[in-house]
Amino acid sequence: MSPARGGTPEEEGGGADVEKAAAETGGRGTWRHAAFHVATTIATPAAYAPLPFALASLGWPLGVCSLVTGTLVTWCSSLVVASLWQWNGDKHTSYKLLAKSIFGPWGYWYVSFFQQVASIGNNIAIQIAAGSSLKAVYKHYHTTDDGAMTLQQFIILFGAFELLLSQLPDIHSLRWVNAACTASTIGFAGTAIGVTIYDGHRIDRKEVDYSLQGSAASKIFRAFNALGTIAFSFGDAMLPEIQSSVREPVRMNMYKGVSTAYSIIVMSYWTLAFSGYWAFGTGVQPYILSSLTFPRWTIVMANLFAVIQITGCFQIYCRPTFAQFEQRIQAKDAGYRARMWRLVYTSAYMVVITLISAAMPFFGDFVSVCGAVGFTPLDFVLPALAFLKAGKLPENPGLRHAVKVITSAVAVLFSIVGALACIGAVRAIALDVKTYKFFHDM
């Protein structure tokens with residue numbers, strides 16, 4: 001579509017030249033860097049922490065089935081997106097441009113909308129989680145209520161630090177930050193799992209209840225909410241952006257990076273989800289660290305790992321929003337003026353995210369609504385539709401038909417799941433707004 005007919009932003013104001021230059025330059029990262037980025041993007045403490053609560057809302061059979069299905073579908077979807085990165089011979093440096101090349105302008109705007117919802121919703125949720133973890137560490141040393149810092153103050157401190165990191169120019173410049181974040185992911189998972197099992201053995205097992213609580217309506221809405229939480233836990237709306245930072249052979253390096261990241265995710269997600277639900281039953285908290293009690297020093301360590309990991313994840317997810325400004329600024333300004341403009345729009349972004357996080361610190365609710373509205377369309381539905389339209393289908397007619405049926409079923413099923421999860425999440429937010437005041441110190 002030409003600019004005269006009203007194209008997408010990349011086609012206007014020189015943005016296309018910026019994207020083209022990025023594609024021609026090529027990436028410098030190895031498959032290990034890709035694994036760091038993917039693991040950092042998906043396996044955040046905000047993704048781990050609510051999984052036991054999601055299982056408690058679904059029960060053992062449906063909870064285990066949902067978690068395993070989510071893992072397999074998103075792993076396959078990630079490989080599909082990686083395989084389509086250069087499907088028509090052109091390199092697509094963003095998810096928006098990949099969707100536009102397959103579906104036309106509506107694909108571009110579809111991804112633009114849901115990617116912004118996913119990115120902003122994710123960063124609100126993980127900033128609340130980071131503030132909660134910082135507060136937990138603080139309370140370990142400051143045991144009195146007199147003059148104690150509030151959750152909102154820790155959210156602001158975290159936001160200020162992220163503003164500094166936001167001045168780094170691109171995802172590749174975050175590679176060592178994300179390497180530390182990946183190590184922290186493993187540290188968080190190992191510590192949280194160990195303490196969960198330890199606490200589970202200390203609890204009188206006869207007092208642990210696994211039955212679903214409440215009326216039939218509340219059980220149904222909690223189940224809807226849990227589906228959104230599981231979708232959030234596998235959210236990764238940034239694969240083409242990550243792939244554009246990887247060196248040749250790009251596809252093979254990305255396949256290896258995605259599979260390595262998912263091996264970490266499977267070992268840690270499943271173990272923490274199952275052990276957390278086993279240990280605390282339906283009494284488990286939405287943020288698993290809030291359920292842990294002893295030994296306290298290990299809980300402090302788990303919270304510190306959580307903050308470090310969230311630091312890198314936040315940066316990856318704010319990049320799509322920053323790109324909306326960069327595509328225009330880089331075409332017009334360079335050097336000092338470009339850096340000043342970057343400071344302006346990153347500051348505005350951080351103020352908005354921090355204000356929302358501090359005003360409504362409902363971690364579990366934002367996780368669910370972000371998973372339902374942001375990640376389900378991008379990580380479950382769109383890859384299936386893209387594969388049907390541009391993927392390499394088997395030549396055998398019977399196998400080809402079977403692949404089409406399964407892929408179509410995935411797209412339809414998860415569209416329904418996303419709608420149901422959205423209903424459950426909106427209801428949960430409405431109930432919490434009635435229960436708590438704005439800027440409540442949770």
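Here are some worked exercises on the structure shown above.

The model is predicted, so local features need pLDDT of at least 70 and side-chain atom pairs count only at pLDDT 80 or more, while totals for chains, interfaces and linings use all residues. Residues are numbered from 1 along each chain as its sequence is written, and side-chain values use heavy atoms, with hydrogens and water left out.

**Exercise 1. A charged pair**

Find the salt bridge between R202 and D199, and describe where its two partners sit.

Solution.
- Start with the rule: a salt bridge needs a side-chain nitrogen of Lys or Arg within 4 Å of a carboxyl oxygen of Asp or Glu.
- Apply the rule, and the count is 1 salt bridge.
- Check the distance: R202 and D199 meet through their side chains at 3.9 Å, N to O.
- Place the pair: R202 and D199 are 3 residues apart in helix α9 (residues 175-202), which puts about one helical turn between them. Helices here are DSSP runs (H or I, at least four residues), numbered from the N terminus.
- Recall the geometry: an α-helix has 3.6 residues a turn, so residues three or four places apart point the same way.
- Add the surroundings, with buried meaning under 20% relative accessible area, exposed over 50% and partly exposed in between (1.4 Å probe, protein chains only). R202 is partly exposed at 48%, whereas D199 is buried at 1%.

**Exercise 2. Rings in pairs**

Classify the ring pairs W60 with F274 and F314 with Y349, and say which helices they link.

Solution.
- Set the cut-offs: rings of Phe, Tyr and Trp (its six-membered ring) pair if their centres lie within 6.5 Å, and planes under 30 degrees apart count as stacked, over 60 as edge-to-face and the rest as tilted.
- Count the pairs: the structure holds 15 aromatic pairs.
- Take W60 and F274: their ring centres are 6.5 Å apart and the planes stand at 50°, so this pair is tilted.
- Locate them: W60 belongs to helix α5 (residues 60-83) and F274 to helix α12 (residues 250-280), so the pair ties together parts 214 residues apart in sequence. W60 is partly exposed at 31%, and F274 is partly exposed at 25%.
- Turn to F314 and Y349: the centres are 6.5 Å apart and the planes are at 75°, so the pair is edge-to-face.
- Locate these as well: F314 is in helix α13 (residues 296-332) and Y349 in helix α14 (residues 336-359), so parts 35 residues apart in sequence are tied together. F314 is buried at 0%, and Y349 is buried at 8%.
- Look beyond pairs: F103, W106, Y110, F113 and F114 form one aromatic cluster.

**Exercise 3. Two buried residues of helix α7**

Describe the contacts of Q127 and S133.

Solution.
- Begin with position: Q127 lies in helix α7 (residues 105-141), and S133 lies in helix α7 too.
- Read the accessibility: Q127 is buried at 0%, and S133 is buried at 0%.
- List the contacts (heavy atoms within 4.5 Å). Leaving out residues up to four places away in sequence, Q127 touches I155, F158, G159, F314, M350, I353, T354 and S357.
- Pick out T354: the side chains of Q127 and T354 make a polar contact at 3.0 Å. This term means a pair of N or O atoms within 3.5 Å; within protein, one must be able to donate a hydrogen and the other to accept it, and residues adjacent in sequence count only if both atoms are side-chain atoms.
- Do likewise for S133: under that sequence limit, S133 touches Y287, L289, N303, A306 and V307.

**Exercise 4. Helix α6 and the core**

Work out how covered helix α6 is, and then find the best-connected residues of the largest nonpolar core.

Solution.
- Count along helix α6 (residues 95-103): 7 of its 9 residues are buried.
- Name them: Y95, K96, L97, L98, A99, I102 and F103.
- Step past the end: just after α6, G104 has a positive phi of about 90°.
- Define the core: buried Ala, Val, Leu, Ile, Met, Phe, Trp, Tyr and Cys residues joined through side-chain atoms within 4.5 Å.
- Inspect the largest one: it has 98 residues, and M254, Y269 and L378 have the most contacts inside it.
- Follow L378: not counting residues up to four places away in sequence, L378 touches Y95, Y110, V111, F114, Q115, A118, A237 and P383.

Definitions and conventions. Helices (H or I, at least four residues) and strands (E, at least two) are DSSP runs, numbered from the N terminus.
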